[in-house]
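Subject: Handing over the structure

Hi,

Here is the structure I said I would pass on. Have a look at it first, and then read on for what turned up.

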Amino acid sequence: MMTTDNSGDVRLSGISKTYGSFTAVHPLDLTVPQGSFFALLGASGCGKTTTLRMIAGLEDPTSGTVFLGDQEVTHLPPYKRPVNTVFQSYALFPHLDIFENVAFGLRRRGIKSVKKQVEEMLDLVQLGEQARKKPHQLSGGQQQRVAVARALINHPKVLLLDEPLGALDLKLRRQMQLELKRIQTEVGITFVHVTHDQEEAMTMADTVAVMNAGRVEQLGAPADLYENPQTTFVANFLGTSNLIEAEVDSRGGDEIVLKAGGGKLTLPQARCSAPATTGGKVLVGVRPEKISLTHAEDAGEIPAGRNRITGRIADSSFIGVSTQYVIDSPVCPEFEVYAQNIDRDSRLVPGAEVVLHWNPAHTFGLDAAQD
Ligand code: ATP
């Protein structure tokens with residue numbers, strides 16, 4: 001519906017930011033694919049907002065260059081950059097109605113006939129009926145949609161979103177995640193979204209950059225980051241990971257065989273980001289929902305070729321669709337397992353001896369020597 005010159009993506013080259021002796025962002029190279037929904041994800045203080053603000057022109061980089069499409073904008077003020085920012089505080093004009101809030105950017109540029117464009121934009125964010133209301137008469141989610149419409153009406157090449165859903169309750173937040181994704185798909189322009197919420201980044205973004213202490217630890221599609229984390233930080237930040245310290249026994253073909261707690265584990269070469277030399281240590285990871293649990297008495301029924309370790313159930317909690325088990329095991333204390341409640345074995349109670357087993361394809365390997 002919106003015609004946008006869509007030549008703009010974002011390229012950061014060696015961008016850094018220091019405050020006195022503190023480095024908030026270490027030199028960073030980052031390319032945001034054109035027309036993508038890109039998330040900068042990380043815990044509070046990791047430098048994601050500073051990175052966004054350097055793209056917006058609200059913060060001067062200490063070093064490096066910022067490109068928006070083919071244009072170098074490193075030293076351009078915010079209003080001369082083809083970007084717009086949506087903040088957590090919607091920053092709507094309280095005395096103007098919704099129509100005039102959205103029309104503001106056009107009027108400021110001296111455009112007289114704004115009706116069609118504003119109506120189109122209000123339809124895009126599904127607020128066509130609310131045009132004559134004042135901001136305080138709308139819900140938080142609706143106000144945030146007005147802020148998005150107001151930011152998009154000037155057809156920026158890139159829309160920057162700084163924790164835009166942070167002030168909303170969980171249910172509304174989930175609705176707005178889908179809503180923002182729909183809007184981005186419809187307008188097709190590049191969105192760069194800052195969030196500390198891993199679920200939010202995974203739900204919305206095509207590409208996620210996971211930041212930690214001023215650096216991008218890993219960049220990729222959500223499923224790839226979840227399935228193939230390359231650092232312990234990413235493995236633990238995106239969901240729960242069980243990490244087993246293991247020693248490389250042998251390598252051959254596409255597989256690495258490791259020793260752990262008297263048993264052997266198999267890891268696909270392609271899923272190991274550690275050097276994995278024979279005799280070296282590797283952290284072997286597996287997600288809790290990939291593991292099956294079998295009572296030790298039935299261990300003989302476990303199919304061959306599965307990774308397996310033994311343990312004892314320390315704790316279990318029923319959480320509806322699944323049961324969450326904590327397992328004590330010689331190779332990984334407090335091993336977490338989420339088992340679906342289908343045909344649940346009544347013997348799987350605290351104290352029971354069990355075998356945990358999983359398809360080796362769901363195993364990932366991390367460098368045990370990293371920080
Ligand atoms: P949050 O989600 O809490 O906003 P963030 O990941 O977005 O966190 P930034 O706001 O980018 O983090 O801040 C990164 C680091 O830089 C923090 O440690 C912060 O205290 C520091 N910092 C940010 N702005 C300044 C400033 N103007 N002066 C000094 N230090 C700053």
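The shell around the ligand is made up of four nonpolar residues, seven polar ones and one charged one. This is a predicted model, by the way. If you want to find the shell, pick out Tyr19, Phe22, Ala24, Gly42, Ser44, Gly45, Cys46, Gly47, Lys48, Thr49, Thr50 and His196. Two elements, β2 (22–32) and α1 (48–56), each give at least two residues to it. The largest share comes from α1, with three residues.

Since α1 has come up, a bit more on that helix. Is α1 enclosed by the rest of the structure, or is it left open? Eight of its nine residues are buried, so α1 is largely enclosed by the rest of the structure. The buried ones are Lys48, Thr49, Thr50, Thr51, Leu52, Arg53, Met54 and Ile55. Lys48, Thr49 and Thr50 also appear in the list of residues around the ligand. After α1 comes glycine 57, and its phi is positive, near 90 degrees.

Now for the protein as a whole. The secondary structure adds up to eight helices and 20 strands. There are 371 residues, and 40% of them are buried. Taken along the principal axes, the C-alpha atoms fill a box of roughly 80 × 45 × 35 Å. As for contacts between residues at least 6 apart in sequence, 66% of them join residues at least 24 apart.

Two helix pairs are worth opening up on your screen. Packed helices get described by the angle between their axes and the distance between those axes.

The pair α2 and α3: helix α2 covers residues 98–108 and helix α3 covers residues 115–124, and their axes come within 10 Å and cross at roughly 125 degrees. The two helices are therefore oblique to each other. Their crossing is right-handed. On the α2 side the contact is made by Phe99, Val102, Ala103 and Leu106, and on the α3 side by Gln117, Val118, Met121 and Leu122. Sorted by class, that gives seven nonpolar residues, one polar and no charged.

The pair α4 and α5: here the axes of helix α4 (residues 140–152) and helix α5 (residues 170–187) come within 11 Å, with a crossing angle of roughly 20 degrees. That makes α4 roughly parallel to α5. This crossing is right-handed. Gly140, Gly141, Gln144, Val148 and Leu152 make the contact from α4, and Leu172, Gln175, Met176, Ile183 and Val187 make it from α5. The classes here come to six nonpolar, four polar and no charged residues.

A few single residues also caught my eye. Which residues have a positive phi without being glycine? Glutamine 126 is one of them, with phi near 55 degrees. You will find glutamine 126 in the loop between α3 and α4. It has 14 other C-beta atoms within 10 Å, so glutamine 126 is partly exposed. Histidine 155 is another case, with a positive phi of about 50 degrees. Histidine 155 sits in the loop between α4 and β7 (158–162). With 16 C-beta neighbours inside 10 Å, histidine 155 also counts as partly exposed.

Aspartate 123 belongs to helix α3. It is partly exposed too, with 13 other C-beta atoms within 10 Å. From aspartate 123 to threonine 195 there are 72 residues in sequence and 26 Å in space, C-alpha to C-alpha.

Last, have a look at proline 330, in the loop between β17 (322–328) and β18 (335–340). Proline 330 is partly exposed, with 14 other C-beta atoms within 10 Å. Its C-alpha atom and that of glycine 128 are separated by 61 Å, and the two residues are 202 apart along the chain.

That is what I have for now. Happy to go through any of it with you.

Cheers

How values were computed: Residues are numbered from 1 along each chain as its sequence is written. This is a predicted model: local features need pLDDT of at least 70, side-chain atom pairs count only at pLDDT 80 or more; totals for chains, interfaces and linings use all residues. Axes are lines fitted to C-alpha atoms, for helices over the stretch in contact, and angles run from 0 to 180 degrees between N-to-C directions. Helices (H or I, at least four residues) and strands (E, at least two) are DSSP runs, numbered from the N terminus. Angles under 35 degrees count as roughly parallel, over 145 as roughly antiparallel, 65 to 115 as roughly perpendicular and the rest as oblique. A crossing is left-handed if the near helix is turned anticlockwise from the far one by less than a right angle, and right-handed if clockwise. Two residues are in contact if their C-beta atoms, placed from the backbone, lie within 7 Å. Ala, Val, Leu, Ile, Met, Phe, Trp, Tyr, Cys and Pro count as nonpolar, Asp, Glu, Lys and Arg as charged, and the others, Gly among them, as polar. A residue is near a molecule or strand if its C-beta atom, placed from the backbone, lies within 6 Å of it. A residue is buried if 20 or more other C-beta atoms lie within 10 Å of its own, exposed if 12 or fewer, and partly exposed in between; C-beta atoms are placed from the backbone.
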